[in-house]
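Reader: Hi! I'd like a close look at one part of this protein, the aromatic pairs and the residues around them. Could you walk me through that region and then set it within the whole chain?

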Amino acid sequence: MKDMKCLLCESDRSHPVWGQNGSWIERCGGCGVLFTVNPPSQAELINLYERGALTGTPTELIGKNCGPPPAWKQREHLEILERIKRLGIRGGTLLDVGSFEGMFMRNAKQCGFGVMGVEPMREAFIHAHDALGLPVVHGDLQSAAFPAASFTAVSLLDVIEHVSDPVAQLREVFRVLKCGGILVITTPNAAGLLQRIVATKRKICCQPWCPIDDVPWHLWGFTPSTIRLCMEKAGFYVIAVNPLEPSTLSTNENAGSTGWKRLILHEAARFSKVVRMSDRMVGFAQKRIATPA
């Protein structure tokens with residue numbers, strides 16, 4: 001990592017794995033986490049989100065899709081909320097960091113939680129706050145400056161891979177969580193079976209392979225071991241890291257430029273569920289109550 005240490009394992013060894021148009025990705029020689037070198041600053045990221053330049057969703061379309069949410073997403077949200085309840089958190093206030101249009105907040109509210117959100121994208125914030133009446137703060141977690149020990153649960157759903165310093169982000173989460181509170185993170189798994197298949201195909205065909213999607217949309221590529229390490233580095237006790245529905249059966253159903261490619265990707269995704277190597281994962285961790293030495 002040249003003149004800096006890995007934020008997760010403090011190794012000073014890394015090597016490049018991809019580069020293009022002045023952007024490049026390296027892999028830590030200690031823990032194996034993938035990271036974007038010289039990422040945009042937090043202010044630059046906020047500006048990019050404000051303009052909708054990173055999400056791929058034109059800002060004027062946010063909140064305009066009035067159809068029902070995808071069945072897979074609704075099911076996944078409810079499963080996450082039920083898991084939080086099984087971990088002992090059945091009330092209090094859940095903070096959703098990167099709340100976007102507020103779907104997870106609405107589901108949490110329907111499950112009996114009080115809710116609060118933080119969203120950097122202005123149009124998404126306006127929709128959630130004004131149109132839906134949800135309590136959302138415009139900005140990022142640090143600028144929101146919530147009081148310590150304010151929440152019983154905090155969710156970062158497909159957020160941690162977008163921040164410039166994930167350990168600092170989770171330390172702020174640790175600060176605003178009550179003792180015994182639960183953290184839940186969803187993020188892509190850079191070691192998933194689908195990634196391995198595509199990487200092998202690109203290597204055989206001598207094609208470039210970027211292991212992190214859409215830099216600088218994603219800045220980090222985590223695996224089950226490195227997302228666990230990231231949570232532990234921030235002070236959390238990690239309860240579990242589990243696979244989620246693979247992307248080609250959920251977030252990216254139309255992946256593949258032809259019908260047969262889509263079929264192959266869908267079958268690979270189904271097999272990845274069998275071997276528990278999905279390209280998406282969820283982590284649960286707890287802020288443990290301190291005990292006397």
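Author: Happy to; what follows starts with the aromatic rings, moves on to their surroundings, and ends with the chain as a whole.

Please keep in mind that this is a predicted model. A search of the whole structure finds four aromatic pairs. One of them joins Phe35 and Trp220, whose ring centres are 6.2 Å apart with the planes at 40°, so this pair is tilted. Phe35 belongs to strand β3 (residues 34-36) and Trp220 to strand β9 (residues 220-221), so the pair ties together parts that are 185 residues apart in sequence. Both Phe35 and Trp220 are buried. These two rings also have company: Phe35, Trp220 and Phe222 are linked by ring pairs into a cluster.

Another pair is made by Phe174 and Phe236, and this one is edge-to-face, with 5.1 Å from centre to centre and 80° between the planes. Here, too, distant parts of the chain are linked: Phe174 sits in helix α6 (residues 166-176), while Phe236 is in the loop between α8 (224-233) and β10 (237-243), 62 residues apart. The two partners fall into separate burial classes. Phe236 has a relative accessible area of 5% and is buried, whereas Phe174, at 23% relative accessibility, counts as partly exposed. The cut-off explains that label, because buried means under 20% relative accessible area.

Now back to the strand that carries Phe35. Thr36 also lies in strand β3. With a relative accessible area of 8%, Thr36 is buried. Leaving aside residues up to four places away in sequence, Thr36 touches Trp24, Ile25, Ile212, Val215, His218 and Leu219.

His218 in that list deserves a stop of its own. His218 is placed in the loop between α7 (193-204) and β9, and β9 is the strand that holds Trp220. At 9% relative accessibility, His218 counts as buried. Its contacts, again not counting residues up to four places away in sequence, are Thr36, Glu161, His162, Pro188, Ile212 and Asp213. Ile212 therefore appears among the contacts of both residues, given that contact means heavy atoms within 4.5 Å. For a backbone view of one of these contacts, the C-alpha atoms of His218 and Glu161 are separated by 5.5 Å, although the two residues are 57 apart along the chain.

A little further along the chain from Phe35 comes a backbone detail you may want to check. Most residues other than glycine have a negative phi. Asn38, however, has a positive phi of about 50° although it is not a glycine. Asn38 is located in the loop between β3 and α1 (42-50). In contrast to buried Thr36, Asn38 is exposed, with a relative accessible area of 62%. Ala149 is another non-glycine residue with a positive phi, in this case about 55°. The place of Ala149 is the loop between α5 (141-144) and β7 (151-157), and its relative accessible area of 37% makes Ala149 partly exposed.

Strand β7 brings us to one more long-range contact. Thr93, found in strand β4 (residues 93-97), has its C-alpha atom 5.2 Å from that of Phe151, a residue 58 places away along the chain. Beyond residues up to four places away in sequence, Thr93 touches Gly114, Val115, Met116, Phe151, Thr152 and Ala153. Thr93 is partly exposed, with a relative accessible area of 25%.

Finally, the whole chain. The protein chain has nine helices and 11 strands. Among its contacts between residues at least 6 apart in sequence, 68% join residues at least 24 apart; the ring pair of Phe35 and Trp220, 185 residues apart, also spans the sequence in this way. A compact globule of 293 residues would have a radius of gyration near 19 Å, and the chain has 19 Å, which agrees. The C-alpha trace spans about 55 × 50 × 40 Å along its principal axes. Of the 293 residues, 46% count as buried. As for the surface, the chain exposes about 14,200 Å², with carbon and sulfur atoms supplying 54% of it. If you are thinking about charges, there are 32 positive and 27 negative side chains, and the centres of the two sets lie 6 Å apart.

How values were computed. Residues are numbered from 1 along each chain as its sequence is written. This is a predicted model: local features need pLDDT of at least 70, side-chain atom pairs count only at pLDDT 80 or more; totals for chains, interfaces and linings use all residues. Side-chain values use heavy atoms; hydrogens and water are left out. Helices (H or I, at least four residues) and strands (E, at least two) are DSSP runs, numbered from the N terminus. The radius of gyration is taken over C-alpha atoms; the globule rule is 2.2 Å times the number of residues to the power 0.38. Buried means under 20% relative accessible area, exposed over 50%, partly exposed in between (1.4 Å probe, protein chains only). Accessible areas come from the Shrake-Rupley method with a 1.4 Å probe; for residues, only the protein chains shown count as cover. Lys and Arg count as positive and Asp and Glu as negative; His and the chain ends are not counted. The place of a charge is taken as NZ of Lys, CZ of Arg, CG of Asp or CD of Glu. Rings of Phe, Tyr and Trp (its six-membered ring) pair if their centres lie within 6.5 Å; planes under 30 degrees apart count as stacked, over 60 as edge-to-face and the rest as tilted.
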